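Please open the model in a viewer and keep the sequence panel visible beside it. The tour below proceeds by selection, and each stop states what is to be found there.

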Amino acid sequence: MMIIALSALAATSVLAPDCTAVQGLSFANTVFKSAVQIDAGAVSSGTTKMPAHCLVTGEIHPRTGVNGVRYSIGFELRLPLAWNGRFQFLGGGGVDGSIPPAYGFQRTGGAPALSQGTAVVTSDMGHTGTSGRDATFGLDPQARIDWGYNAVDKVTVLAKDVIGKFYGKAPQYAYYVGTSGGGRQGMMMAQRFPQHFDGIVSGAPILEQHLAQTGSMQMLQEFTAIAPLDANGQPILSKAYSDSDLKLINAGVLRTCDALDGVVDGLIENYPACTYDVSELQCPGAKADTCLSAQQVAAFNKVMSGPRDSAGTLLYPPTPWDTGIGEPEWRTDHIGSATGAVPNASKFTNQSIRYVFMTPAAPDFDYLKFNFDTDPASMLASAAFTATNSTQYEAFKARNGKHIVYVGLADTLVNPSGVNRWYRALIAANGGLESTKQFARLFNFPGMGHSAGGAALDQFDPVAAIQDWVEKGQAPEVLVAKGKRFPGRTRNICAYPLISRYVGSGSVDAAASFRCEMP
């Protein structure tokens with residue numbers, strides 16, 4: 001009876017600033033574990049100290065799942081005592097499995113939302129993992145659904161309800177911001193739950209792994225086939241290409257494509273025009289440090305042409321040629337650094353294909369035996385709960401929602417060609433480019449790896465951009481970017497389909513020396 005009384009009281013009164021009062025709220029299938037006040041300056045995100053706020057933790061729908069494993073949708077909600085009226089859901093990453101601190105999205109170039117007075121929520125997306133790559137939850141059917149889309153919906157509804165009861169009014173503006181897995185979650189909100197958010201930022205969105213992972217399988221097979229063998233006759237994947245081999249390819253790509261935007265400056269802005277053939281690097285005779293073997297050339301060119309079945313049908317778009325080849329991220333993700341026959345490359349150790357994207361889950365599946373005629377079908381069923389490649393945005397447009405999507409052209413985990421293909425389809429399904437730009441804009445970052453990094457200008461603030469678009473009606477024509485790999489340089493990253501082209505004079509480090517033009 002006490003819980004009912006407190007819930008009724010909360011519906012007609014404001015709980016703030018009493019943080020502990022939140023724990024007296026009652027919601028179906030929800031357990032509040034704690035609700036405490038955190039003093040100003042007591043916690044920080046990087047060097048940014050957080051203001052005084054309430055920290056609320058809990059779980060939704062706790063249960064026992066397959067093999068006796070305990071599951072729930074865990075969450076953390078931080079409520080600033082001096083609230084600015086905004087609400088942000090900070091997306092997760094990898095396959096989640098832990099609850100990030102709810103400080104808000106932060107990348108170099110922006111400040112975390114909580115520090116600005118925004119209420120922020122995060123979630124483990126329905127399971128607890130040993131790491132952000134632990135995909136064993138895929139054995140549980142409900143955990144798959146929770147991770148795919150259910151958790152983001154349930155946590156959003158709960159967080160908004162608690163916010164309303166705590167402050168006595170609903171958020172004036174609601175945002176979902178995430179990258180990688182969080183980027184996919186943001187796209188899920190726009191497509192499946194368009195009623196929840198005014199503005200969404202989706203960075204490096206893993207939007208269609210049920211299709212894109214055929215590229216990973218192709219790469220692993222082709223590069224393993226040419227890798228040197230150990231004493232037992234087993235291939236050593238990491239030695240398929242040496243660092244010097246990759247630098248040769250990187251230099252060749254730059255030599256061919258850097259000047260296509262009007263100036264040689266280490267960035268390939270005119271990415272649509274960039275094509276390359278590794279054959280020019282082939283050794284005339286024996287393999288040497290200054291050239292590639294015929295086998296290396298054939299394998300690399302084949303991988304860069306995209307995965308195909310035995311009939312030659314392209315299964316997924318090929319990745320773009322960019323300066324990421326030769327960067328540490330490329331090696332880590334594609335071939336790794338293991339000196340023995342057991343690879344440590346991220347694509348080889350990826351569990352999500354076996355546990356989540358294959359249906360039924362196939363924990364022991366050998367990626368090197370992936371059949372490009374028959375096995376792609378095993379991943380199609382997962383699209384029902386994971387894919388975010390829809391072009392149906394009618395409900396999102398009707399609520400005047402805004403969506404910023406960005407991706408690095410050197411991303412080795414999310415194929416940027418797939419993201420661009422989706423955006424072109426979005427344009428085609430929504431009345432053309434100008435109509436689509438009213439609610440969704442795509443930004444391609446030359447040289448940038450997965451969400452950040454690489455030989456790139458990867459410091460920018462998409463959160464400020466989405467807020468200006470939603471709250472002031474100022475649509476972003478560009479995202480202003482800097483990067484530590486190019487000290488002193490500032491450049492405008494143009495909204496698709498425009499690229500940043502050199503005007504013919506001025507410093508390459510000055511944004512004014514470039515203008516947005518068609519490729």
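The stops that follow move from confidence to helix packing, aromatic rings, backbone geometry and individual residues.

**Stop 1: Confidence**

Begin by colouring the chain by pLDDT, as this is a predicted model. The protein averages a pLDDT of 96, and 97% of the residues score at least 70. Next, select residues 1-11, where pLDDT stays under 50. For this stretch the model has eight contacts beyond four places in sequence.

**Stop 2: Helices α4 and α6**

Select residues 209-226, which make up helix α4, together with residues 294-303, which make up helix α6. The two helices pack with their axes 9 Å apart and at an angle of about 180°. Helix α4 is therefore roughly antiparallel to α6, given that angles over 145 degrees are classed in this way.

Now display the side chains at this contact. On the α4 side, show Gln-218, Met-219, Glu-222, Phe-223 and Ile-226. They meet Gln-295, Gln-296, Ala-299, Phe-300, Lys-302 and Val-303 of α6. By character, the residues of this contact divide into six nonpolar, three polar and two charged.

**Stop 3: An aromatic cluster**

Keep Phe-223 and Phe-300 displayed, and add Tyr-241, Tyr-276, Trp-321 and Trp-330; these residues form one aromatic cluster. Phe-223 and Phe-300 also take part in the contact of α4 with α6.

**Stop 4: Two aromatic pairs**

The structure holds 29 aromatic pairs, and two of them merit a separate view. Select Trp-83 and Tyr-167 first: their rings are stacked, at 4.0 Å centre to centre with 10° between the planes. Trp-83 belongs to the loop between β5 (70-80) and β6 (86-90), whereas Tyr-167 belongs to helix α2, so the pair ties together parts that are 84 residues apart in sequence. Both Trp-83 and Tyr-167 are buried.

Then select Phe-370 and Phe-372. Their ring centres are 5.1 Å apart and their planes stand at 70°, so this pair is edge-to-face. Phe-370 and Phe-372 are likewise buried.

**Stop 5: Cis peptide bonds**

Turn to the backbone and select Ala-16 with Pro-17. A cis peptide bond joins these two residues, with omega at about 10°. Pro-17 is placed in the loop between α1 (2-12) and β1 (30-38).

Move on to Tyr-496 and Pro-497, where the peptide bond is also cis, with omega near 10°. The loop between β13 (491-494) and β14 (499-502) contains Pro-497.

**Stop 6: Positive phi values**

Select Met-125, in the loop between β7 and α2. Its phi is near 65°, a positive value in a residue other than glycine. Is Met-125 buried or exposed? Met-125 is buried, because its relative accessible area is 0%, and buried means under 20%.

Ala-204 is the next selection, in the loop between β9 (199-203) and α4. Here phi is near 40°, again a positive value in a residue other than glycine. With a relative accessible area of 1%, Ala-204 is buried.

**Stop 7: Ser-131**

Return to the loop between β7 (119-123) and α2 (141-167), and select Ser-131. This serine is partly exposed, with a relative accessible area of 37%. Add Val-95, which is 36 residues away along the chain; the C-alpha atoms of Ser-131 and Val-95 are separated by 8.6 Å.

**Stop 8: Tyr-173**

Select strand β8 (residues 173-179) and centre the view on Tyr-173. Which residues does Tyr-173 touch, not counting those up to four places away in sequence? They are Gly-85, Arg-86, Phe-87, Asp-198, Val-470 and Glu-471. Tyr-173 and Val-470 are 297 residues apart along the chain, yet their C-alpha atoms are separated by 8.2 Å.

**Stop 9: Ser-346**

The last selection is Ser-346, in helix α8 (residues 346-349). Its relative accessible area of 16% places Ser-346 among the buried residues. To complete the view, display Arg-133, Thr-332 and Asp-333, which Ser-346 touches when residues up to four places away in sequence are not counted.

Conventions: Residues are numbered from 1 along each chain as its sequence is written. This is a predicted model: local features need pLDDT of at least 70, side-chain atom pairs count only at pLDDT 80 or more; totals for chains, interfaces and linings use all residues. Side-chain values use heavy atoms; hydrogens and water are left out. Axes are lines fitted to C-alpha atoms, for helices over the stretch in contact, and angles run from 0 to 180 degrees between N-to-C directions. Helices (H or I, at least four residues) and strands (E, at least two) are DSSP runs, numbered from the N terminus. Angles under 35 degrees count as roughly parallel, over 145 as roughly antiparallel, 65 to 115 as roughly perpendicular and the rest as oblique. Contact means heavy atoms within 4.5 Å. Ala, Val, Leu, Ile, Met, Phe, Trp, Tyr, Cys and Pro count as nonpolar, Asp, Glu, Lys and Arg as charged, and the others, Gly among them, as polar. Buried means under 20% relative accessible area, exposed over 50%, partly exposed in between (1.4 Å probe, protein chains only). pLDDT is the predictor's confidence in each residue, from 0 to 100. Rings of Phe, Tyr and Trp (its six-membered ring) pair if their centres lie within 6.5 Å; planes under 30 degrees apart count as stacked, over 60 as edge-to-face and the rest as tilted.
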